[in-house]
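Thanks for sending this one over. Here are my notes, in numbered points, to read with the coordinates open.

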Amino acid sequence: MAEFKVKLVVFDMAGTTVDEDNVVYKTLRNAIVKAGCDVTLETVLEHGAGKEKLQAIKDVMEAEGLEGDAVAIHAAFRVDLTKAYQTLDVKGMAGTGEGFQKLR
C-alpha cells in the first residue's frame with residue numbers, strides 16, 4: 001500500500017466539531033419571527049438545515065405559506081448572529097479535541 005502525507009483536513013464546525021447550542025438556527029428562527037412570521041425551531045431545522053441561510057429562509061417561508069422579505073430577514077439574521085457569537089459559550093463536541101491532537 002502506498003504511503004501518502006495528509007496536507008489538509010477539512011471539518012464542518014457548527015454541530016459537528018463545535019457545540020454551539022444550535023445558535024445559528026435559533027437566531028434564524030428569531031429573525032423570521034421578528035419579521036412577523038411565526039415558525040418553530042423544528043420547522044426551521046426541517047426546511048433550512050444545511051442550507052445557505054438566505055435560501056433556508058426562503059424555503060422555510062415557502063413551506064409554511066408565509067410571505068415576507070427574505071433578503072431583509074437575512075440581513076437582520078446576520079446582525080443578530082454576529083451579536084450572538086460575541087457572547088457564545090463554545091465547546092468542542094465530544095472527542096473532537098482528541099481527534100485534532102492525533103491529526104497534529
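Helices here are DSSP runs of H or I with at least four residues, and they are numbered from the N terminus. With that in hand, Lys 26 can be placed in helix α1.

1. Status and overall layout. Please keep in mind that this is a predicted model. The protein chain holds 5 helices and 2 strands, and read from the N terminus the order of elements is β-α-α-α-α-β-α. The radius of gyration is 17 Å, well over the 13 Å that the globule rule gives for 104 residues, so the chain is more spread out than a compact globule. Along the principal axes, the C-alpha atoms fill a box of roughly 55 × 35 × 20 Å.

2. Burial, surface and contacts. Of the 104 residues in the protein chain, 28% are buried. The accessible surface is about 7,400 Å², and carbon and sulfur atoms contribute 54% of that area. Among contacts with a separation of 6 or more, 57% join residues that are 24 or more positions apart.

3. Charges. The protein chain carries 13 positive and 17 negative charges. The mean positions of these two sets lie 9 Å apart.

4. Thr 17, ahead of the first strand. Is this residue, Thr 17, buried or exposed? Its relative accessibility is 9%, and because buried means under 20%, Thr 17 counts as buried. Thr 17 sits in the segment before β1, which spans 18-19. Its side chain reaches the backbone oxygen of Asp 12 at 2.9 Å. With neighbours within four places in sequence left aside, the contacts of Thr 17 are Phe 11, Asp 12, Lys 91, Gly 92, Met 93, Thr 96 and Phe 100. Asp 12 therefore deserves a look from both angles, as a polar partner of the Thr 17 side chain and as a member of that contact list, if you display the polar pairs under the 3.5 Å limit.

5. Two positive phi angles in one loop. Which backbone angles would I check in the loop between β1 and α1 (23-34)? Asp 21, which lies in that loop, has a positive phi of about 55 degrees although it is not a glycine. Asn 22 is also found in the loop between β1 and α1, and its phi is positive as well, at about 60 degrees, again without being a glycine. Asp 21 counts as exposed at 51% relative accessibility, since the exposed class is over 50%. Asn 22, with a relative accessible area of 27%, is partly exposed.

6. What Asn 22 touches. Beyond its neighbours within four places in sequence, Asn 22 is in contact with Leu 41 and Leu 45. Asn 22 and Leu 41 are 19 residues apart along the chain, and their C-alpha atoms are separated by 9.8 Å.

7. Lys 26 and its link back to the loop. Lys 26, in helix α1, is partly exposed at 34% relative accessibility. Its side chain reaches the backbone oxygen of Asp 21 at 3.2 Å. Not counting residues up to four places away in sequence, Lys 26 touches Asp 21 and Leu 41. Leu 41 also appears among the contacts of Asn 22. The C-alpha atoms of Lys 26 and Thr 40 are 9.3 Å apart, with their positions 14 residues apart along the chain.

8. Glu 52 at the start of a helix. Where do the side-chain polar contacts of Glu 52 go? One goes to the backbone nitrogen of Leu 54 at 3.0 Å, and another to the backbone nitrogen of Gln 55 at 2.9 Å. Glu 52 is in the loop between α2 (41-48) and α3 (53-64), and at 47% relative accessibility this residue counts as partly exposed. From Glu 52 to Glu 98 the C-alpha distance is 30 Å, for a sequence gap of 46 residues.

9. Glu 64 in the third helix. Glu 64 belongs to helix α3 and is partly exposed at 37% relative accessibility. Once neighbours within four places in sequence are set aside, Glu 64 is in contact with Val 39, Thr 43 and His 47. Glu 64 and Thr 43 are 21 residues apart in sequence and 8.4 Å apart in space, C-alpha to C-alpha.

Technical notes:
Residues numbered from 1 in each chain as written. Predicted model: local features only at pLDDT ≥ 70, side-chain atom pairs only at ≥ 80, totals over all residues. Heavy atoms only, no water. Rg over C-alpha atoms; globule rule 2.2 N^0.38 Å. Buried < 20%, exposed > 50% of the residue type's maximum accessible area, 1.4 Å probe, protein only. Contact = heavy atoms within 4.5 Å. Areas by Shrake-Rupley, 256 points an atom, 1.4 Å probe, with all protein chains shown as cover. Lys, Arg positive; Asp, Glu negative; His and termini not counted. Charge placed at Lys NZ, Arg CZ, Asp CG, Glu CD. Polar contact = N/O pair within 3.5 Å; in protein donor to acceptor, adjacent residues only side chain to side chain.
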